[in-house]
Amino acid sequence: MSTPVSTDPTPARLKRQPDIQLPGGMYKINDLAVVSPDTLLVSNISKQCVQLLDCLKGEVVSEVQLQGNPYRMCLTDRNTAAVKVGGRKIQMIKVKDKTLTKGRELTVSERVYGLTSSRNSLVVAYHSSPWLEVISMDGKVLHQLDKSRKSQHFKYPNIMCTTPGGSMFISDHGRHTITKVDAQLNILQTFTSPLLQTPYGITAVTEDEILVCSHKNHSLVLLQPSTNTMSTLLGEDDGIKYPYTLTYCPDQKKAYVASFCTDTIKVYQMS
């Protein structure tokens with residue numbers, strides 16, 4: 001059952017930093033991930049590739065071409081990324097010495113829609129039949145959400161994130177909800193609010209601070225599950241327009257936000 005959240009009228013603000021101008025003009029970005037301070041992985045479907053971006057120089061220092069559009073992406077560790085490519089493929093990509101190389105490829109049972117990692121495993125949300133699976137790095141199914149209950153909880157489970165403690169949060173742009181699950185896919189809580197209009201990108205700052213792209217509200221919102229509150233941190237006046245994906249760098253306390261079609265990545269310092 002969805003839990004309406006209260007709103008906090010005086011949230012802490014994120015301070016805008018200079019934008020990162022993407023080299024080569026307009027990108028179609030599906031996902032972002034922080035590899036190290038000032039280095040981002042960019043899922044760029046304009047060129048069907050994943051790119052390693054030096055944020056300080058505004059340069060692509062490495063890229064790997066893929067056989068299909070890169071969609072969702074997550075880090076399994078600081079040196080490895082998992083990227084959903086095409087329908088049922090998950091491509092592992094190694095990051096070493098600022099160079100990207102392809103690793104092994106997994107084929108899963110359904111079309112992938114959401115992807116994150118937890119405890120050395122991959123967590124997958126499927127598209128045509130929206131349920132969740134935890135799979136090992138070699139593709140073995142470890143846990144699965146009860147398929148008979150899937151329609152009770154999800155319509156379009158889209159983008160997922162994992163907290164430092166291993167909990168997962170899933171944005172659903174069909175139900176306009178955020179759902180919290182544990183490492184065994186037990187559903188713990190589902191949050192809803194007028195502040196959430198077509199939620200897409202989601203990332204964890206801490207165990208109790210979850211940043212969400214509210215796409216149609218042109219805003220970035222903060223969910224705090226322990227107090228059941230949600231607040232708007234950034235809006236159009238702060239440069240947010242149809243936010244689609246975001247990621248967070250804990251070392252620098254920076255949030256990186258991008259629209260789907262864009263020539264810049266927005267950068268915000270969290271106090």
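This report describes strand pairing and burial in a predicted model.

**The sheet E12 to E15**

Four strands form an open sheet in the order E12-E13-E14-E15, and their pairing is antiparallel. Strand E12 (112–118) and strand E15 (141–144) lie at the edges with a single partner strand each, so one side of each has no neighbour in the sheet. On average, neighbouring strands of this sheet are turned by 25 degrees against each other, direction ignored. At one edge, strand E14 (residues 132–135) is joined to E15 by three bridges. Ile 135 has Val 141 in E15 as its bridge partner.

**Strand E18 and its partners**

Strand E18 (residues 177–181) is mostly covered, with five of its five residues buried. The burial extends to both faces of E18: Thr 177, Thr 179 and Val 181 lie on one side, and Ile 178 and Lys 180 on the other.

E18 pairs with strand E17 (residues 168–172) in the antiparallel sense, and it also runs antiparallel to strand E19 (residues 187–192). The table sets out the two pairings.

| Pair | Bridges | Opposite residues | Residues between the strands | Positive phi |
|---|---|---|---|---|
| E17 and E18 | five bridges | Asp 172 and Thr 177 | four residues | His 176, near 60 degrees |
| E18 and E19 | five bridges | Lys 180 and Gln 189 | five residues | Leu 185, about 70 degrees |

Both pairings are hairpins. In the hairpin of E17 and E18, His 176 takes the positive phi, whereas in the hairpin of E18 and E19 the residue with a positive phi is Leu 185, in the turn. Lys 180, which stands opposite Gln 189 in E19, is among the buried residues of E18.

Technical notes: Residues numbered from 1 in each chain as written. Predicted model: local features only at pLDDT ≥ 70, side-chain atom pairs only at ≥ 80, totals over all residues. Heavy atoms only, no water. Pairing = 2+ DSSP bridges. Helix = DSSP H or I, 4+ residues; strand = E, 2+ residues; numbered from the N terminus. Axes fitted to C-alpha atoms, helices over the stretch in contact; angles between N-to-C directions. Buried < 20%, exposed > 50% of the residue type's maximum accessible area, 1.4 Å probe, protein only.
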